[in-house]
Amino acid sequence: MPPKTVQFRLGLGACVAALFLGFVAIPMWVSSPSNVSNIVLSPTFWPYVLTVLTGLMGIGLLLAARQAGTTVAVEHTHPTDGAAWYRLLSLGVIMIITMFALPRLGMVWTTMVVFGITAFLFRTRHPKTALVCAVMIPFLLYLFFAHVAGVAIPQGNFVRLP
């Protein structure tokens, strides 16, 4: 299947999903109290933000498909040496280890470790960026949810974050 067709189908699907979420799913199934003082804490705010981003990505894919040339894509053959099965099995083991590590290490530390291991398991081209993201994204999310939104984040038994 040519990349132009793939981009068009993905873009159309993203636009349809965004329209469904924005006009049907969120208004009907996400309840929001009227007395929320901070809009960021409203239960409907982030779903609408993600809906708008999904719609924008869909429009971007549609525009990219429209501008894409009619060049034929080169078929990439995947090696059949079992590396894909090894990575799939490793990912399953990581998920099982995550399940047991969450109550002991806490959500933030476990997520940092799993993010880093997964990035290196799938051989990222940017290992330093992956390592920085593995540490910073869970920590920044923790700071937002624990200190701004006031949501209790599960802490581990060994190291507790402030």
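**Exercise 1. How do H3 and H4 pack?**

How close do the axes of helix H3 and helix H4 come, and at roughly what angle do they cross? Work this out on the predicted model shown above, then describe the relative direction and handedness of H3 and H4.

*Solution.*
- Step 1: take helix H3 as residues 83-105 and helix H4 as residues 107-121; their axes come within 9 Å and cross at roughly 165 degrees.
- Step 2: angles over 145 degrees count as roughly antiparallel, and H3 and H4 are therefore roughly antiparallel to each other.
- Step 3: the handedness of this crossing is right-handed.
- Step 4: on the H3 side, the residues making the contact include Arg87, Ser90, Ile94 and Leu105, while H4 contributes, among them, Met107, Trp109, Val114 and Leu121.

**Exercise 2. Is Thr51 buried or exposed?**

Place Thr51 in its helix, classify its accessibility, and list its contacts.

*Solution.*
- Step 1: Thr51 sits in helix H2, which spans residues 45-67.
- Step 2: the relative accessible area of Thr51 is 7%. Buried means under 20%, so Thr51 is buried.
- Step 3: leaving out residues up to four places away in sequence, Thr51 touches Ala18, Leu21, Gly22 and Ile26.
- Step 4: now turn to helix H1, residues 3-29, which has a kink of about 45 degrees centred on Leu21. Leu21 is also one of the residues that Thr51 touches.
- Step 5: the buried residues of H1 include Ala18, Gly22 and Ile26, and H2 is part of what covers the buried residues of H1.

**Exercise 3. Which residues make up the largest nonpolar core?**

Name the members of the largest nonpolar core, then follow the contacts of Leu161.

*Solution.*
- Step 1: the largest nonpolar core has five residues in all: Val108, Met112, Tyr142, Ile153 and Leu161.
- Step 2: with residues up to four places away in sequence set aside, Leu161 touches Val108, Trp109, Phe139, Tyr142 and Gln155.

**Exercise 4. How accessible are Val113 and Pro33?**

Locate Val113 and Pro33, classify each of them, and give one C-alpha distance for each.

*Solution.*
- Step 1: Val113 lies in helix H4, and its relative accessible area of 46% makes Val113 partly exposed.
- Step 2: from Val113 to Pro47, the C-alpha to C-alpha distance is 28 Å, with the two 66 residues apart in sequence.
- Step 3: Pro33 belongs to the loop between H1 and H2; at 45% relative accessibility, Pro33 counts as partly exposed.
- Step 4: Pro33 and Thr44 are 11 residues apart in sequence, and their C-alpha atoms are 9.6 Å apart in space.

Definitions and conventions:
Residues numbered from 1 in each chain as written. Predicted model: local features only at pLDDT ≥ 70, side-chain atom pairs only at ≥ 80, totals over all residues. Heavy atoms only, no water. Helix = DSSP H or I, 4+ residues; strand = E, 2+ residues; numbered from the N terminus. Buried < 20%, exposed > 50% of the residue type's maximum accessible area, 1.4 Å probe, protein only. Contact = heavy atoms within 4.5 Å. Bend = angle between axes of the 7 residues up to and from the residue. Core = buried A, V, L, I, M, F, W, Y, C linked by side-chain atoms within 4.5 Å. Axes fitted to C-alpha atoms, helices over the stretch in contact; angles between N-to-C directions. Parallel < 35°, antiparallel > 145°, perpendicular 65-115°, else oblique. Left-handed = near helix turned anticlockwise from the far one by under 90°.
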